[in-house]
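Here's a quick briefing to read alongside the model. Have a look at the sequence and structure first, then work through the points by topic.

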Number of protein chains: 2
Amino acid sequence: MSHATHITAGSVVLAELRRAIATGELTPGQQLVQESLAERFGVSRVPLREALQVLEAEGQVVHQVHRGYFITELSLPDLIEVYRLRAVLEAEAARVAVPLLTDDDVEALAELAARIEDASEAGEVGAMIEANRAFHFTLIDAAAMPRLSRLVASLWDATDVYRSVYYGSATNRERVDHEHASIMAAIRNRNATTLIGELDAHREHAVAELSAIVR
Amino acid sequence: MSHATHITAGSVVLAELRRAIATGELTPGQQLVQESLAERFGVSRVPLREALQVLEAEGQVVHQVHRGYFITELSLPDLIEVYRLRAVLEAEAARVAVPLLTDDDVEALAELAARIEDASEAGEVGAMIEANRAFHFTLIDAAAMPRLSRLVASLWDATDVYRSVYYGSATNRERVDHEHASIMAAIRNRNATTLIGELDAHREHAVAELSAIVR
DNA sequence: GGTTCAAGGATTGTATCCAATCCTGAGTAG
DNA sequence: CTACTCAGGATTGGATACAATCCTTGAACC
């Protein structure tokens, strides 16, 4: 029996909340009224609160006793810190992963890069976000450091609120495609130093664009 | 995060559980039966589960649907990964913090180092663990990167289960004191490179000892 | 007009109760 | 003797009900 077979109300609500945050349906600063959300998802407040507590631990929402849960508002210093920590951790992941990459891994990465491009040209923002995440985490997971993957994932989650806005721009989507091509080239060459440089540039461009959005 | 002024049943239970884990009262692999714990803390199962969910998000306990919560068992690869991630993140913290350190910070660090030594000689393991954590996080917090502090804290928490065993040994306590002296010297000289080297050595010795314990 | 303060409703925190699932162990068949 | 089956209790997941706290609103007072 696998874990996924046990669908619990709390996990369903958690997934729904994640989606709502990622799509921008729930906007930063907004209060999450427990009764309304519970009714909307067709569950009681108990599993709803369970999901909210998980999101709080991840920093996606903030909690104030007797006042409630609110979607986290990312400040500019916050955003910059998230990307700085990503730089540190993803560099480590790349360093470890490159020597471990199998040909199958590289193949999978190339295919994901292609899927991103397709979604990008079609303007399918949701599909692009998903494929993009799969692309980057295929590389990160290749380092075979599960805790590292989890930490980086939580940092990605922290900026999910703004990701849909970022990919909404065709200019941004096009630049991302070019950067992914450079990243793939470094991966194919098994050159960790170059790869880390490309990843850093990739992130720098994103943080520059996002800085404008946050304000 | 909840204001300290408003103590909620869940937060009390959470603190108690943390203490019980840190002191080794709850041992790795052990099941946490909700009813018993709730009764022991004098609360219902609702706030207890709330605390358990927080600990699960932090990786201190694991959860299996319809089976319950268990104290996490740290595998050797896990332990090594935790310390490797700490090395990466704490090095970054040190790099950022050193130029920002005020004389007051250095003073506070020196005082904490002294407190650690006192507790070490007196064999007060609990006090030593607490002062040691305060010492290291005074340095880390000086980097003024709150998310970085949180990530590192979660990595420290992950090995809390074994910390009391580690500090139970007088040999270990004595070595730690010497290492802290070297760390303080590097801090006083505002030499980030030396400091990072000392911190790395400090951690390497700990992971070597802990590896033996895990097995 | 501005400030203080006290209801009352709105919202969250917690306890209690019921439902769903798991685990144990006795019994049975092979 | 071993493997399987299937109650019955033990334990967790979730819903409802109640208590504690907060927030708004409006009136009294300066």
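What follows covers the two protein chains, their sheets, and the contacts with each DNA strand.

Keep in mind that this is a predicted model. Chains A and B superpose with an RMSD of 0.2 Å after a turn of 180 degrees and a shift of 0.2 Å along the axis, and that is the relation of a two-fold axis. On the DNA side, 22 residues sit around strand D and 21 around strand C.

**How the two chains relate**

- To lay chain A on chain B, you turn it by 180 degrees and shift it 0.2 Å along the axis. That's what a two-fold axis does.
- The copies meet through the same surface, because 90% of the interface residues of chain A are also interface residues in chain B.

**The sheet in chain A**

- Chain A has an open sheet of 3 strands in the order β1-β3-β2, with antiparallel pairing.
- Why do β1 (31-32) and β2 (61-64) of chain A each have one side without a neighbour in the sheet? Both stand at the edges with a single partner strand each, so one side of each is left free of a sheet neighbour.
- α3(A) packs on this sheet and touches β1, β2 and β3 of chain A, with its direction at about 110 degrees to that of β2(A).
- β1(A) pairs with β3 (residues 68-71) of chain A in the antiparallel sense, over 2 bridges. For the residue pairs, A:Leu32 has A:Tyr69 as its bridge partner in β3(A), and A:Gln31 stands opposite A:Phe70.
- β2(A) and β3(A) also run antiparallel, joined by 4 bridges. Here A:Val61 has A:Ile71 as its bridge partner.
- The hairpin of β2(A) and β3(A) has 3 residues between the strands, and A:His66 in that hairpin takes a positive phi near 65 degrees.

**The sheet in chain B**

- Chain B has an open sheet of 3 strands too, ordered β1-β3-β2 with antiparallel pairing.
- β1 and β2 (61-64) of chain B stand at the edges with a single partner strand each, so each has one side without a neighbour in the sheet.
- β2(B) pairs with β3 (residues 68-71) of chain B in the antiparallel sense over 4 bridges. In that region, B:Phe70 in β3(B) is the bridge partner of B:Val62.
- α3(B) lies across β1, β2 and β3 of chain B and runs at about 110 degrees to β2(B).

**Contacts with DNA strand D**

- Which residues come nearest to strand D? Of the 22 around it, they are A:Thr8, A:Ala9, A:Ser44, A:Arg67 and B:His63.
- Among the strand D atoms within 4 Å of the protein, 74% belong to sugar or phosphate, and the rest to bases.
- Two contacts from chain B go to phosphate oxygens: a polar side-chain atom of B:His6 lies 3.2 Å from one, and a backbone N or O atom of B:Gln34 lies 3.3 Å from one.
- B:Arg45 goes for a base instead, with a polar side-chain atom 3.0 Å from a base nitrogen of strand D.
- The elements giving two or more residues to the surface near strand D are α1 (9-22) and α3 (45-58) of chain A, plus β1 (31-32) and α3 (45-58) of chain B. α3(A) gives the most, with 3 residues.
- By class, that surface has 7 nonpolar, 10 polar and 5 charged residues.

**Contacts with DNA strand C**

- Of the 21 residues around strand C, A:Arg49, B:Thr8, B:Ala9, B:Ser44 and B:Arg67 come nearest.
- Sugar and phosphate make up 75% of the strand C atoms that come within 4 Å of the protein.
- B:Thr8 has a side-chain N or O atom 2.5 Å from a phosphate oxygen of strand C.
- Backbone N or O atoms also face phosphate oxygens of strand C: the distance is 2.7 Å for B:Ser44 and 3.5 Å for A:Leu32.
- β1 and α3 of chain A, together with α1 (9-22) and α3 of chain B, are the elements that give two or more residues to the surface near strand C.
- The residues of this surface divide into 7 nonpolar, 10 polar and 4 charged.

Notes. Residues numbered from 1 in each chain as written. Chains lettered and ligands numbered in written order. Predicted model: local features only at pLDDT ≥ 70, side-chain atom pairs only at ≥ 80, totals over all residues. Heavy atoms only, no water. Near = heavy atom within 4 Å. Polar contact = N/O pair within 3.5 Å; in protein donor to acceptor, adjacent residues only side chain to side chain. Nonpolar A, V, L, I, M, F, W, Y, C, P; charged D, E, K, R; others polar. Pairing = 2+ DSSP bridges. Contact = heavy atoms within 4.5 Å. Axes fitted to C-alpha atoms, helices over the stretch in contact; angles between N-to-C directions. Least-squares fit on C-alpha atoms with pLDDT ≥ 70 in both.
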